[in-house]
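Here are a few exercises to help you find your way around a new structure. Have a go at each one before reading its solution.

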Amino acid sequence: MSEHPIFSEEMREIVESFIVETREIFEDLEHDLLQLEKTPDDRQLVDKIFRAVHTVKGTSGFLSLEQLSLLAHHFEDVLNRLRKGTLAFEPTMMDVLFDAFDLMKQLLQQVETRNLQPLPIGAAIERLQAIAEGKPAPARSESAPAAPTPEARTTPPATAPASETADTSRSTPAASAPSGNGQAARRDQSTETIRVEVRRLDNLMDLVGELVLGRNRLLQLLSELSTDGDNAELLRELADTTTQIDFITTELQSAVMHTRMVQIGRVFNKFPRLVRDLAREFDKQIELIIEGEETELDKSLIEEISDPLVHLIRNAADHGIEDPETRRARGKSPTGRIRLAASQEGNHIVIEIEDDGAGIDPEKLKAKALEKGLITEKEAAEMSDREALELIFRAGFSTAQRVSKVSGRGVGMDVVKTNITKLNGTISVHSVPGQGTRFTLKLPLTLAIIQSLLVRVGEEAFAIPLHSVIEVVGLEPGTVYTIKGREVIRLRDAVIPLLRVGEMLQVPGWTYHPERAYAVIVGIAHHRLGLIVDDLIGQKEIVIKPLGNYLKKVPGVAGSTILGDGRVIMILDVGELVRMETQRLRGSEAFQAALVTA
């Protein structure tokens, strides 16, 4: 089969523009269809949806995308009769419109992947024709392609098309989510924009990273030079120039990073449809409240957090929110609420997923973990409620009473934690039985350039991401205790295990001198670990460089960076170190017992 003529080199720019513009139309259209279901008498909204579908019909017809154009035509016919008042709105119409919309998105994805295989759209067209004539819609045809699952609808394609672009003015409209008082209208943004291919921004970001390394090298050399002698005046001029380059580099770095920043609404605006479909599947009444959708973070992170958020939202809808009858019996409103909120805290973004459902009973979690053999009876007896809640992140752990498309297969929450940890982020859970559950995600705004604490171990230097550092304490004589062969320190009301970095990474020539060492206290969620280092070098902004195939599997190492003096040093993977040490300690019942009584 010959390739469709739209994929010729002459049509490349036109097709790329069509993909980007249609994707933006579909983002708005999904929100507007959800709003139409709530306010079917809003004529302006019907007109807006009609114009969007009409645009898709016209542009796809111009490109000879016959199936997309035909489907849009029949979709448009229903909307045209609604806007003229010749057709009365019925709630059952929305399922037909959403099914047709899902097919339109599948057809667009075919254009993105350059695979225009015909889809069976006849049944969808037949159903659109029926509701346009005021008749009941025929049942879904078994031969028709299944609508994308909630997860598939929310997850972007694994391989982005060559046309993927970023809006350099960051004017992507954020989604207005349904809320208690029905916020309805989106904010129109008329900021003048240009589109830039993401790979160009990636290349620019790499160049800025190299510039930062060069700036750091220049600052290092300047600090090593002496201001004495005949070159004092020249050195002062060099210092002034270095200061200027330092300022310009910092400003340029900030500007480039901001061109890669997009509003998290790009992810959030997909969830109202997800929650709507889940509520219908489980016969529940669920209201989604979205806050902080204008919060910005790096585009690479936007693509990575979609899957974890899908898992958390669908678990809230399935496990968290009770059915209306149960909620009434418990004195609650029959409509459950899920809150999805984002905010910025310094160089991090905080995302909260909160529901007012049944909550999580720590005792039931312990019982389930015992049943599955994930913990011992002794561990269960000594486990705090906070530690019990962390059991939901164990691989293979599930409390679902049934297996459904949404949950119950023992996978999901462990994947969420793994994915968040890979992004140098943390996830924690808080729950009150009978009142609800809140998951809190904390992520860096960008993964390219981070603040770090430089430490010395033997003759080697290492970087520890600063967002994981809680505090640093000096190890004075008598402050380190040994419990069942494991070193710990008592820090205020907590007993914190220690890890010798030099021993773990087998640093050549390293010798442990506890009286001259420091413990860098790091943490992931509520887990704490003290990393024993010989000395503190200082705080430094570093550019993360990926490791090659030979080194990328070294335990406890996340990447590398280049210092101002040209040395290449390793960046410690705090999440991996905490995970390794937690597993090691969990396997020692004697140590756990001693730790509780210490």
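Contact here means heavy atoms within 4.5 Å. Keep in mind that this is a predicted model.

**Exercise 1.** Find which residues isoleucine 264 is in contact with, leaving aside its neighbours within four places in sequence.

Solution. Start with the stretch from Gly292 on: isoleucine 264 touches Gly292, Glu293, Thr295, Leu297, Ile302 and Ile305. Then add Ala342, Ile349 and Ile351 to its partners. Now step back to the largest nonpolar core, which has 53 residues. Ile264 is among the members that touch the most others, along with Phe268, Phe271, Leu309, Ile351 and Ile392. The biggest contributor to this core is helix α11 (residues 299-320), which supplies nine residues. There's also a second, separate core of 46 residues, with Val15, Leu33, Leu108 and Leu128 among them.

**Exercise 2.** Work out how helices α4 and α5 pack.

Solution. Take the geometry to begin with: α4 (residues 93-112) and α5 (residues 122-132) meet at an angle of about 145 degrees, and their axes lie 10 Å apart. Next comes the handedness, and the crossing is left-handed. Then look at who touches whom: α4 brings Met93, Val96, Leu97, Asp99, Ala100 and Leu103, while α5 brings Ala124, Arg127, Leu128 and Ile131. Sort these residues and you get eight nonpolar, two charged and no polar.

**Exercise 3.** Trace the open sheet of six strands and pick out its edge strands.

Solution. Read across the order, β12-β16-β17-β15-β14-β13, where the pairing is mixed. The edges are β12 (469-474) and β13 (480-483), each pairing on one side only. From one strand to the next, the twist averages 35 degrees. Zoom in on β13: it runs antiparallel to β14 (residues 486-491) over four bridges, and valine 480 has isoleucine 489 of β14 as its bridge partner.

Conventions. Residues are numbered from 1 along each chain as its sequence is written. This is a predicted model: local features need pLDDT of at least 70, side-chain atom pairs count only at pLDDT 80 or more; totals for chains, interfaces and linings use all residues. Side-chain values use heavy atoms; hydrogens and water are left out. Two strands pair if DSSP finds at least two bridges between them. Helices (H or I, at least four residues) and strands (E, at least two) are DSSP runs, numbered from the N terminus. Axes are lines fitted to C-alpha atoms, for helices over the stretch in contact, and angles run from 0 to 180 degrees between N-to-C directions. A nonpolar core is a set of buried Ala, Val, Leu, Ile, Met, Phe, Trp, Tyr and Cys residues joined through side-chain atoms within 4.5 Å. Buried means under 20% relative accessible area, exposed over 50%, partly exposed in between (1.4 Å probe, protein chains only). A crossing is left-handed if the near helix is turned anticlockwise from the far one by less than a right angle, and right-handed if clockwise. Ala, Val, Leu, Ile, Met, Phe, Trp, Tyr, Cys and Pro count as nonpolar, Asp, Glu, Lys and Arg as charged, and the others, Gly among them, as polar.
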